[in-house]
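User: Could you take a close look at one residue for me and then show me how the chain around it is built? I am in my first year, so please explain the terms as you go.

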Amino acid sequence: MRHWVRILAFFLCAWGSAAVKAAPLALYGFIDARAGVRVGDDVGDKDTSLGEVRLQLETEQYFDQVTFNAVVDFVLDPVADEYRPDLASGEGAIDPRQLNVEFSPLDFADLKLGRQVVTWGTGDLVFINDLFAKDWNSFFLGRDVEYLKAPVDALKASVFSSAANLDVVYTPKFGADRFVDGRRISFFDPQTGDFRGRDDPLSFDRPNDWFKDDEVAMRAYRSFGAIEAALYAYHGFWKSPAGFDAGAARAIFPKLNVYGASLRGPVMGGVGWLEGGYYDSARGAAGDPLLPNSEFRLLAGFEKEIATELTATIQYNLERKLDYDAYLQSLPPNIIRDNRDRHITTLRLTKLMLRQNLELSLFNYYSPSDKDGYVRFNASYKFTDNLKVEGGGNFFYGEDDHTFFAQFRNNNNLYVGVRRSF
Amino acid sequence: MKKWFFAALSSLIFAASAAQAQETDVMEIVTKAIEAMYYQGGDQKARVEMSILDKSGRERNRQLILLRRNDGEGYGDQKYYVFFERPSDVKEMVFMALKNIDHADDRWLYLPALDLVKRIAASDERTSFVGSHFFYEDVSGRNIDEDKHELIDTTDEYYIIRSLPKNPEDVEFSSYMSRVDRTTFLPMKMEYKDKRDVVYRVYTVLTVEEIEGHPTITDVEVEDTAMGGKTVLHYSAVQYDVGLPENIFSERFLRRPPRQFLK
């Protein structure tokens, strides 16, 4: 651990505008410090939800047709207190977010190889066909929203034509979400009927074999006038441990294929989107209570500026379990049963003031079927172009312990942060 | 009786055709003005430095590269690609607009940290562009058919034109007055009045340089005379007819900036 602290201290000291200007590479990035506290109930979680200093260094180099991109975070996080880097989970003192090379082998094709962040789909913080890894810990704890997207180690190949464009993202080794496992965020375990936190984190088996436990994600897209249309396919695994292996008593990532489509375009002075996906779960999932059922998912959303510098976004999201009867029959007696349909609505309000230097934002997930929800709020102010302070909170609520958002309610938190960019 | 009738009729016809002539004249001036401002050359590349001053004099800066390509000759559809260089928290962000004459423009924002291509609603047209006193709409120019134009006066130097919005509920102004240079057709000053008929926003061209034969605005400011504060734009490294390919104005190049045109 000392070793990493020393390396980190070195980089922190090396940082400084003079040093950066003198550097042979054009380096830029930020230093970000943030702290958060848990409020409300405590089931043995640390009172400090967040306490970290992060230095992000970024550079890109381009030679003719080839571009190298590097974005690396150096993290001092006494709350996690783990400094050995783990490239998959992003834990430790170094978290490379991008290390890749990009080039165009043909006029109409691009390749991007290495660690990268990939995003597609139409949803606003709701994902159906974007099955690239997410970092739910960062999202729930109050890091900047850019950390919701975890990097993936992949080859992205893109082909462009006037008929349609095609992206294929091949990940040779499964890249799981940076999911909630109890260590930073406690959750409700329906198996034990109790909350689990850092004293009893989730044990899991992650598919880990190169080229065997791989993932392929594809998107074909084109525009029809002002309407953007896309088709998607995914072959891989549930991104968070959605299943359970009773023999090994460990959570597992069952196989998953997803097929979907989306539309996005101007509607009634705003932007509207529609996205659907068929989640084809592992074979035999329908009759197995320890594996998630296949699902049909649907999302409809609309965004509009409703007053000066005030933008509202509303979404409706349906998750329907297919083979629901088989699911019911497979359940042992006296166990919590999920509804066939999970409905989620979201509302986002963003208000910009003082020449967009002050931003107030509110995002609420509410599920009328689960009777639970999650509200995120944030206020940020830019003192200068390079100095931003912010504060916010993450609050989970609900009637039952076991529903998706309500299970995190012991993790309600408030945070503050300051970021100096250079 | 008959005489009177014909006299009245012919004077009516005369008045109508005079009005029509005036209307064509003003539309011709307005078209030439938007062409002088937004359409010179087949395409254009420029570096833009933006200083945003708030009412207490605090300054924020943005630096960006602007690429623009005309689809055809003269006033018509266009494509814009705006690549942010500074400050570092918006570095590599891209704003792209497809200007459409017969329907609302299509606009996107690319956020590199999230690899997110975000669509921007048409309702944001008259929203501040990155915190400045310029609007999103000012990047590519307001369609001339959205307003009714009237030639108020012709001085030695300027055409004075008053414009009224056809859909007043969509905009924050009630009218604006433009002073169009009679030689270059560049609008040198535009004053916007709010719904109480008070001037609150003034656009002023500070410097015009001739670049590759095109009279080009290189310094321009927009001042908020009601609230205080202004934004000054300085254009440098202006080049025309660079040979920008049409396909750089696409999602592909939002995610992967066309570096050879951004130097």
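Which residues does A:Tyr381 touch, not counting residues up to four places away in sequence?

Analyst: A:Tyr381 touches A:Asn357, A:Leu358, A:Lys388 and A:Val389, once residues up to four places away in sequence are left out. Here, two residues are in contact if their C-beta atoms, placed from the backbone, lie within 7 Å. One of these partners, A:Leu358, is 23 residues apart from A:Tyr381 along the chain, and their C-alpha atoms are separated by 4.4 Å.

A word on the source: this is a predicted model, in which local features need pLDDT of at least 70, side-chain atom pairs count only at pLDDT 80 or more, and totals for chains, interfaces and linings use all residues. Residues are numbered from 1 along each chain as its sequence is written, while chains are lettered from A and ligands numbered from 1 in the order in which they are written.

A:Tyr381 sits in strand 21 (residues 372-384) of chain A. Strands (E, at least two residues) and helices (H or I, at least four) are DSSP runs, numbered from the N terminus. Is A:Tyr381 buried or exposed? A:Tyr381 counts as partly exposed because it has 15 C-beta neighbours inside 10 Å; buried means 20 or more other C-beta atoms within 10 Å, exposed means 12 or fewer, and partly exposed is in between, with C-beta atoms placed from the backbone.

Now step back to the whole chain. Chain A has four helices and 23 strands, and buried residues make up 38% of its 422 residues. Its C-alpha trace spans about 70 × 55 × 50 Å along the principal axes. Of the contacts in chain A between residues at least 6 apart in sequence, 56% join residues at least 24 apart.

The largest nonpolar core has 47 residues, and A:Phe140, A:Phe187, A:Phe405 and A:Phe408 touch the most other members. Such a core is a set of buried Ala, Val, Leu, Ile, Met, Phe, Trp, Tyr and Cys residues joined through C-beta atoms within 7 Å. Elements giving two or more residues to this core include helix 3 (136-141) and strand 15 (255-267) of chain A. Among the residues that A:Phe187 touches are A:Val180, A:Phe195 and A:Phe408.

Finally, how confident is the predictor? Chain A averages a pLDDT of 91, and 93% of the residues score at least 70, where pLDDT is the predictor's confidence in each residue, from 0 to 100. Over residues 7-23 of chain A, though, the pLDDT is below 50. Where pLDDT is low, the predicted coordinates should not be read in detail.
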